[in-house]
Each structure stands twice: as C-alpha cells, then as structure tokens.
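Dear colleague,

Please find below the structure that I am handing over to you. My notes on what was found in it follow directly after.

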Amino acid sequence: MTDKYAVIGNPIAHSKSPLIHHAFAEQFGHDIEYTAELIPIEALEAGLDTLQKKGFKGLNVTVPFKEQVWQSLSKKSIHATTASAVNTITFNSDGSRYGDNTDGIGLCQDLTQNHHIDLAGKRILLLGAGGAARGVILPLLSYKPAELIIANRTISKAHHLVNLFDNEVLSASELEQVPGPFDIIINATSASLNGEIPPIPDSSVSAHTNCYDMMYGTADTAFIQWAKTRTAAKTINGFGMLVEQAAESYRIWRGVKPQTQNIIKHLRY
Ligand code: NDP
C-alpha cells in the first residue's frame with residue numbers, strides 16, 4: 001500500500017518538497033505519495049485531524065505553522081523543543097503525534113558534508129533571532145565552534161537566545177557592531193525576501209569567510225550579492241539545507257537516510 005506524506009503551509013504551491021521526497025523514495029524503491037497541502041491560516045488543527053484521518057504517515061511543516069504546531073504537540077524531540085518550532089510530524093499507528101525539527105541538522109549537513117566547511121574552533125556569526133536562527137543554534141553548538149555570535153535587528157531577541165542556550169561560546173551583538181572578520185556568516189534573517197541586507201560592517205568578511213544565506217531562489221539573494229562583492233571565500237544559498245532537512249525527515253519516518261548530492265545538483269535553482 002502507498003504510504004502518504006505531505007508538506008503543509010500557506011502558501012504552499014511553490015514547494016519543492018514533493019519533488020525531493022519522490023526522488024528519495026526512488027532511491028529505495030519505496031512506494032510513497034508526497035503532496036503539498038494548503039491549510040487555511042485559521043484551521044491548522046482541523047487540517048492536521050483531516051490528514052491524520054486520511055491515513056497520512058507524516059507531514060513536513062512550513063511557514064506560517066511551525067511554531068503553532070510546536071505549541072499543539074505534547075511529544076517532541078529535543079531539537080523541536082529548543083527551536084520552539086516543528087517542521088516534521090510523525091503520525092504513529094497508535095494515533096499519537098510526534099514533533100521534530102530537522103532544519104538545524106539540515107544546515108549543518110550542508111555546511112560540513114556538502115561544502116566541507118569545518119565548524120569546530122571557528123568564529124561563526126549568526127544573523128537573525130527568529131525561528132530559523134533559533135533552530136540551528138543547538139546543532140551548530142554541537143560542532144564546538146570557538147564563538148557563535150548572534151546579531152539581530154531587535155537586539156533583545158538575540159540576548160534572549162543567548163540566555164536561553166546558556167553556553168560559554170555564545171554572545172549577542174548589534175548588527176552594526178559585530179566584531180569581524182568571521183570564518184562563517186549564516187544569514188538566518190528574512191531580509192533577503194525584500195532584497196535587503198542586514199547592516200553588518202564590511203569588515204565582517206575577509207578572503208577566508210564562508211557566507212551562507214538560508215534563503216534560496218533562482219537569482220543570488222541580496223546577501224549573497226553583498227558577500228560576493230566583499231570577495232568572500234565561498235557563498236552558498238539555502239537550497240542544500242532544504243534538501244538535507246528533507247533527508248533527515250525521511251530518515252525519521254522511514255529509517256533510512258537518502259543520498260542528497262545528486263538531488264541538490266539536479267534540482268538546484
Ligand atoms: P522569522 O520571521 O521568524 O525571523 C525573521 C528574522 O529576520 C528576525 O530575526 C528579523 O529581525 C530579521 N529581519 C527581517 N527583516 C530584516 C531586515 N530588513 N534587516 C535585518 N533583519 C531582518 O523568519 P524565519 O526565522 O522563519 O526565517 C528566516 C529565513 O530563513 C527566511 O528567509 C526563510 O526562508 C529561511 N529558511 C530557510 C530554510 C531552508 O531550508 N533553507 C529553513 C527555514 C528558514 P527582528 O527580530 O528584528 O524582526
């Protein structure tokens with residue numbers, strides 16, 4: 001029998017997750033159907049109930065439901081708990097629901113495995129303090145960076161995250177005052193959505209700095225363009241992170257981890 005999965009969000013028509021998951025299933029000869037389901041903004045719970053009753057085995061969750069799903073689930077992984085967001089739901093055979101968050105693992109896999117960027121002992125700047133930033137802090141810390149500086153437009157949110165994670169390598173900074181240069185800069189703001197760049201000093205980037213924008217698209221984001229003009233060592237967009245977080249969701253649901261390299265190469269914008 002075909003196992004059913006879906007990504008839920010609003011809007012959702014643009015999602016590449018069905019393509020990615022069908023490519024994973026092909027690798028193993030698994031019989032799955034993965035769809036994109038539009039859920040009305042005010043009807044998350046009803047949407048989850050309907051999909052569970054229809055026999056779906058798992059869901060990916062995207063904007064704007066990640067935090068709301070986190071609130072609605074009682075059983076969650078440590079990654080979901082610390083991120084305050086769920087991007088992967090498993091519907092168990094006993095009717096229970098389990099929430100996980102694979103975004104942070106996806107980012108770290110893309111950086112370390114696909115781009116061979118070592119995180120241990122490095123000075124890392126994380127731009128933003130929203131859901132995406134919060135979700136990657138614990139996985140980044142597990143690689144033992146020398147420093148992880150969180151800089152955000154609303155500085156109180158950066159301080160809040162530093163207090164929450166309470167780790168000696170973590171600190172908060174105003175965007176304009178980040179003490180560069182850094183080995184790695186990760187843009188987890190949504191500034192690129194509006195063609196904007198967080199106002200960090202040019203001195204944040206040196207010739208050995210790797211710059212990562214979680215946002216992806218057909219053209220270079222504003223942040224990637226800026227990093228290129230600063231002659232960063234490498235610029236990377238978040239498409240690899242998208243595929244890697246999907247691979248981790250697939251592993252959670254089906255117990256096997258798909259190969260991602262070819263999919264990233266062929267589906268990349
Ligand atoms: P949130 O809305 O939770 O947070 C947005 C963050 O961006 C806040 O820190 C906000 O600062 C900051 N920000 C917004 N506009 C600007 C600006 N003009 N200048 C400086 N800072 C700004 O969004 P998410 O955390 O959920 O998502 C962030 C980005 O990450 C999005 O682009 C999203 O597409 C991407 N993403 C990519 C994934 C992938 O798989 N590749 C997975 C998850 C997210 P303030 O607090 O001051 O408002």
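Ile8 has Val61 in strand 3 as its bridge partner. The two residues belong to a parallel pair, in which 4 bridges join strand 1 (residues 3-9) to strand 3 (residues 58-61). Strands are DSSP runs of E of at least two residues, helices are runs of H or I of at least four residues, and both are numbered from the N terminus. Two strands count as paired if DSSP finds at least two bridges between them.

Please note that this is a predicted model, in which local features need pLDDT of at least 70 and side-chain atom pairs count only at pLDDT 80 or more, while totals for chains, interfaces and linings use all residues. Residues are numbered from 1 along each chain as its sequence is written, and side-chain values use heavy atoms, with hydrogens and water left out.

The mixed sheet

Strands 1 and 3 are part of an open sheet of 5 strands in the order 2-1-3-4-5, with mixed pairing. Strand 2 (32-38) and strand 5 stand at the edges with a single partner strand each, so one side of each has no neighbour in the sheet. On average, neighbouring strands here are turned by 20 degrees against each other, direction ignored. (Axes are lines fitted to C-alpha atoms, for helices over the stretch in contact, and angles run from 0 to 180 degrees between N-to-C directions.)

Strand 4 (residues 88-91) pairs with strand 5 (residues 97-100) in the antiparallel sense, over 4 bridges. Within this pair, Thr90 has Tyr98 as its bridge partner in strand 5. The two strands form a hairpin with 5 residues between them, and Gly95 in the turn has a positive phi of about 95 degrees.

The parallel sheet

A further open sheet has 6 strands in the order 8-7-6-9-10-11, and its pairing is parallel. Its edges are strand 8 (170-173) and strand 11 (234-237); each has a single partner strand, so one side of each is left without a neighbour in the sheet. Neighbouring strands of this sheet are turned by 20 degrees against each other on average, again with direction ignored.

Strand 6 (residues 123-127) and strand 7 (residues 147-151) run parallel and are joined by 5 bridges. Leu126 has Ile150 in strand 7 as its bridge partner. Helix 5 (residues 103-114) packs on this sheet and touches strand 9 (184-187), strand 10 (210-213) and strand 11, with its direction at about 145 degrees to that of strand 10. Contact here means heavy atoms within 4.5 Å. Helix 6 (residues 131-141) also packs on the sheet, touching strands 6, 7, 8 and 9, and its direction makes about 175 degrees with that of strand 7.

The ligand

Which residues come nearest to the ligand? Of the 22 residues around the ligand, they are Ala132, Asn152, Thr154, Lys157 and Glu196; a residue is counted as near if one of its heavy atoms lies within 4 Å. A polar side-chain atom of Glu196 lies 2.5 Å from a nitrogen atom of the ligand. Polar backbone atoms also take part: one of Ala129 is 3.0 Å from an oxygen atom of the ligand, and one of Gly131 is 3.1 Å from an oxygen atom of the ligand. Taken alone, the ligand exposes 940 Å², of which the protein buries 79%. Accessible areas come from the Shrake-Rupley method with a 1.4 Å probe; for residues, only the protein chains shown count as cover.

Backbone details

Most residues other than glycine have a negative phi, and most peptide bonds are trans. The bond from Val63 to Pro64 is cis, with omega near 5 degrees, and Pro64 lies in the loop between strand 3 and helix 3 (66-72). Gly180 and Pro181 are also joined by a cis peptide bond, with omega about 0 degrees; Pro181 is in the loop between strand 8 and strand 9. His116, in the loop between helix 5 and strand 6, has a positive phi, near 55 degrees.

Yours sincerely

Methods: Polar contact = N/O pair within 3.5 Å; in protein donor to acceptor, adjacent residues only side chain to side chain.
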